[in-house]
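Student: I would like a close look at a single part of this model, followed outward into whatever surrounds it. Please take your time and keep the answer connected.

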Amino acid sequence: LPKPGSLRVVWDEHCSFCRTWVEAFRFLDWFGVLKLEGSSDAGPEILTSDGTRQLGGFRAIREILSVLPVTLYFEPWLRIWPLPWLGDKVYKYVASRRHCKV
């Protein structure tokens with residue numbers, strides 16, 4: 001299990017869709033692994049590459065699910081084709097219809 005606060009998640013706190021997901025992630029983050037930061041609080045370092053992996057979209061959701069105790073066993077199924085392809089399509093469809101800053 002990763003250390004508390006070891007997975008940094010930057011999200012748009014002005015987006016109601018994002019807020020709903022973050023509330024669910026907070027509820028499921030029993031061991032405090034996620035470091036959830038609103039995009040306005042995250043600072044400019046989110047734009048630089050410092051050797052850490054920066055993921056977005058469906059891949060980021062899979063990464064979050066891989067560290068939460070309730071979902072970590074479910075996450076590997078999301079890597080089986082065609083789920084990654086379908087997940088990307090659904091994520092892009094939803095993202096194109098919401099109004100967010102990030």
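Student: Which residues is Leu28 in contact with, leaving aside its neighbours within four places in sequence, and what can be said about the helix in which Leu28 is found?

Tutor: Once the neighbours within four places in sequence are set aside, Leu28 is in contact with Leu68, Pro69, Val70 and Thr71, in what is, it should be said at once, a predicted model. For one of these partners the separation can be stated in two ways, since Leu28 and Val70 are 42 residues apart in sequence, yet their C-alpha atoms are 6.7 Å apart in space. A contact of this kind fits the chain as a whole, where 75% of the contacts between residues at least 6 apart in sequence join residues at least 24 apart.

Leu28 itself belongs to helix α1, which covers residues 16-28, and this helix also carries an aromatic cluster in which ring pairs link Phe17, Trp21 and Phe25. A search of the whole structure finds two aromatic pairs. In one of them, Phe17 and Trp21 meet edge-to-face, with 6.4 Å from centre to centre and 65° between the planes; these residues are four apart in helix α1, and therefore about one helical turn separates them. Phe17 is partly exposed at a relative accessible area of 33%, and Trp21 also counts as partly exposed, at 38%. Trp21 pairs in turn with Phe25, where the ring centres are 5.8 Å apart and the planes stand at 45°, so this pair is tilted. Trp21 and Phe25 are again four residues apart in helix α1, which means that about one helical turn lies between them. Phe25, by contrast, has a relative accessible area of 5% and is buried.

Two cysteines deserve a careful word here, because Cys15 is buried at 2% relative accessibility, and Cys18 is in no disulfide although the sulfur of Cys15, the nearest cysteine sulfur, is 3.1 Å away. The cut-off explains this result, because a disulfide requires the two sulfur atoms to be within 2.5 Å. Cys18 is likewise buried, with a relative accessible area of 14%, and the structure as a whole holds zero disulfides.

Stepping back to the order of the chain, there are four helices and two strands, and from the N terminus on the elements run β-α-β-α-α-α. Strand β1, residues 7-11, has a covered face made of Leu7, Val9 and Trp11, while Arg8 and Val10 form the uncovered one. Five bridges join β1 to strand β2, residues 34-38, and the two strands run parallel. Leu7, from the covered face of β1, has Leu34 as its bridge partner in β2.

Further along, helix α3 (residues 57-65) and helix α4 (residues 83-95) pack at an angle of about 115°, with their axes 8 Å apart. On the α3 side the contact is made by Gly57, Phe58, Ile61 and Arg62, and on the α4 side by Leu83, Pro84, Gly87, Asp88 and Tyr91. Sorted by character, the residues of this contact divide into five nonpolar, two polar and two charged.

The loop between α3 and α4 holds two residues worth following, one of them Glu75, which is buried with a relative accessible area of 5%. Not counting residues up to four places away in sequence, Glu75 touches Arg62, Leu65 and Ser66, and Arg62 is also among the α3 residues that make the contact with α4. The other is Pro82, which lies in the loop between α3 and α4, and the peptide bond that leads from Trp81 to Pro82 is cis, with omega near 10°. That is worth noting against the usual background, in which most peptide bonds are trans.

As a last figure for the whole, buried residues make up 32% of the 102 residues in the protein chain.

Definitions and conventions
Residues are numbered from 1 along each chain as its sequence is written. This is a predicted model: local features need pLDDT of at least 70, side-chain atom pairs count only at pLDDT 80 or more; totals for chains, interfaces and linings use all residues. Side-chain values use heavy atoms; hydrogens and water are left out. Buried means under 20% relative accessible area, exposed over 50%, partly exposed in between (1.4 Å probe, protein chains only). Rings of Phe, Tyr and Trp (its six-membered ring) pair if their centres lie within 6.5 Å; planes under 30 degrees apart count as stacked, over 60 as edge-to-face and the rest as tilted. Axes are lines fitted to C-alpha atoms, for helices over the stretch in contact, and angles run from 0 to 180 degrees between N-to-C directions. Contact means heavy atoms within 4.5 Å. Ala, Val, Leu, Ile, Met, Phe, Trp, Tyr, Cys and Pro count as nonpolar, Asp, Glu, Lys and Arg as charged, and the others, Gly among them, as polar. Two strands pair if DSSP finds at least two bridges between them.
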